[in-house]
Amino acid sequence: MVIRIAAVGDVHLDEDVVGRFRPALEELPDCADVLLLAGDLTRHGTESEARCVAQEFGGLDVPVVTVLGNHDHQCDQVPQVVKVLEDAGITVLEGNGVVLDCAGGRLGIAGVKGFGGGFAGRCASDFGEPEMKAFVHTTNDSADRLGTALRSLDCDLLVALTHYSPVPDTLAGEPLEIYPFLGSYQLGQAIDSAPTALALHGHAHAGTERGTTPGGVRVRNVAHPVIKQAYSVFHVGDHHESDQVSPIGRSGSQRSWS
């Protein structure tokens with residue numbers, strides 16, 4: 001059983017970017033069973049920008065599943081953004097999951113935007129001012145919903161999709177001072193609470209591709225500024241785990257590693 005998962009995040013689409021990814025996206029059925037988008041689909045979270053995302057990522061011959069990112073919340077038009085995406089056939093997750101029937105088995109995807117908070121030894125705590133307690137409550141609530149969604153899915157292969165990072169490994173390259181705003185250890189705990197095979201996130205534009213949760217789950221930062229390609233492709237399954245990257249508009253030209 002092998003399932004091919006294409007993923008990218010932080011594409012920040014607007015009218016001037018539409019069409020940049022489409023040539024490679026048209027090739028997806030040849031190399032992937034599903035496309036996962038790790039948030040920050042738009043620049044400012046407007047309905048008009050969401051229509052650009054729908055034009056670019058809608059109508060593909062593989063299922064498309066996404067979470068939103070912080071940019072997608074900027075203009076407080078989340079309901080409109082979600083409706084535009086869903087009308088284009090894109091599944092939007094936030095604290096829930098979906099199971100897809102793929103050629104290699106049943107793929108379960110649980111998704112949440114996530115939130116900041118930091119990592120073990122250098123993290124925020126729900127102590128003191130109401131504002132700080134509210135911040136950490138948002139972090140904990142998001143992670144709890146991700147964990148619940150992951151544990152609820154009946155599938156052969158389980159993937160976690162977030163915008164914020166669940167581990168500090170994939171933030172290497174970012175200033176240490178902003179780590180608490182790029183992810184939280186609670187997301188990693190949620191991922192480790194289920195038999196997750198792979199965790200994908202974006203958000204850290206200057207980060208690193210590869211990381212691992214404390215429980216040993218592979219974590220991959222698929223932010224477009226990091227992978228520098230239309231999408232990465234992950235082959236995941238029994239005794240078969242490898243990563244491939246597919247360049248924009250260049251079929252048959254992939255680099256891979258195990």
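Two strands pair if DSSP finds at least two bridges between them. The model used in these exercises is predicted.

**Exercise 1. Decide whether β10 and β12 pair, and give the sense.**

Step 1. Take the bridges. β10 and strand β12 (residues 218–221) are joined by four bridges.
Step 2. Apply the cut-off. Pairing needs at least two bridges, so β10 and β12 pair, and they do so in the parallel sense.
Step 3. Pick out one position. L200 stands opposite R220 in β12.

**Exercise 2. Place these strands in their sheet, and describe the sheet.**

Step 1. Write the order: β5-β6-β9-β10-β12-β11. This is an open sheet of six strands.
Step 2. Find the edges. They are β5 (96–102) and β11 (210–212), each of which pairs on one side only.
Step 3. Note the twist. From one strand to the next, the average is 25 degrees.
Step 4. Check the directions. β6 and β9 run parallel, joined by six bridges. β9 and β10 also run parallel, with three bridges. β11 and β12 run antiparallel, again with three bridges. The pairing of the sheet is therefore mixed.
Step 5. Match some residues across the strands. G108 has L158 in β9 as its bridge partner. A160 stands opposite A199 in β10. G211 has V219 in β12 as its bridge partner.
Step 6. Look at the turn. The hairpin of β11 and β12 has five residues between the strands. In this hairpin, G216 takes a positive phi near 95 degrees.

**Exercise 3. Work out how β9 and β12 are covered, and find a helix that lies across the sheet.**

Step 1. Count for β9. Six of its six residues are buried.
Step 2. Split β9 by face. One side carries L157, V159 and L161. The other carries L158, A160 and T162. Both faces are covered.
Step 3. Do the same for β12. R218 and R220 point one way, V219 and N221 the other way. All of these are buried.
Step 4. Add the helix. α5 (residues 130–152) lies across β5, β6 (105–112) and β9 (157–162). The angle between α5 and β6 is about 170 degrees.

**Exercise 4. Say whether T196 is buried or exposed, and list its surroundings.**

Step 1. Locate T196. It sits in the loop between α6 (185–192) and β10 (198–201).
Step 2. Compare with the cut-off. Buried means under 20% relative accessible area. T196 has 9% relative accessibility, so it counts as buried.
Step 3. Look for a polar partner. A polar atom of the T196 side chain lies 2.8 Å from the backbone oxygen of I191.
Step 4. List the contacts beyond four places in sequence. T196 touches L150, L158, V159, A160, I191 and V217.

**Exercise 5. Repeat the analysis for T46.**

Step 1. T46 lies in the loop between β2 and α3.
Step 2. Its relative accessibility is 16%, so T46 counts as buried.
Step 3. The side chain of T46 makes two polar links. One goes to the side chain of S48, at 3.1 Å. Another reaches the backbone nitrogen of E49, also at 3.1 Å.
Step 4. Leave aside neighbours within four places in sequence. T46 is then in contact with C75, Q77 and V81.

**Exercise 6. Describe the largest nonpolar core and the part α3 plays in it.**

Step 1. Start from a general rule. In soluble globular proteins, nonpolar side chains tend to be buried together.
Step 2. Size the core. It has 33 residues. L28, L35, F57 and Y231 have the most contacts inside it.
Step 3. Name the suppliers. Elements giving at least two residues each include β1 (2–8), α3 (47–57) and β13 (231–237). α3 gives the most, with five residues.
Step 4. Look closer at α3. Its buried residues are E49, A50, C52, V53, A54, E56 and F57. They pack against α1, β2, β3 (64–67), α4 and β4. After α3 comes G59, with a positive phi near 70 degrees.
Step 5. Follow L28. Beyond four places in sequence, L28 touches A6, L35, L60, V62 and Y231.
Step 6. Separate the other core. Apart from the largest core lies another, of 23 residues, among them I5, V67, V159 and L161.

**Exercise 7. Relate a recorded domain to the model.**

Step 1. Read the record. An unreviewed UniProt entry lists residues 3–77 for "domain: Calcineurin-like phosphoesterase".
Step 2. Describe that span. Residues 3–77 are 25% helix and 20% strand. The end C-alpha atoms lie 34 Å apart.

Notes: Residues are numbered from 1 along each chain as its sequence is written. This is a predicted model: local features need pLDDT of at least 70, side-chain atom pairs count only at pLDDT 80 or more; totals for chains, interfaces and linings use all residues. Side-chain values use heavy atoms; hydrogens and water are left out. Buried means under 20% relative accessible area, exposed over 50%, partly exposed in between (1.4 Å probe, protein chains only). A polar contact is a pair of N or O atoms within 3.5 Å; within protein, one must be able to donate a hydrogen and the other to accept it, and residues adjacent in sequence count only if both atoms are side-chain atoms. Contact means heavy atoms within 4.5 Å. UniProt positions are given in the numbering used here, feature names are shortened, and annotations may be inferred rather than shown by experiment. A nonpolar core is a set of buried Ala, Val, Leu, Ile, Met, Phe, Trp, Tyr and Cys residues joined through side-chain atoms within 4.5 Å. Axes are lines fitted to C-alpha atoms, for helices over the stretch in contact, and angles run from 0 to 180 degrees between N-to-C directions.
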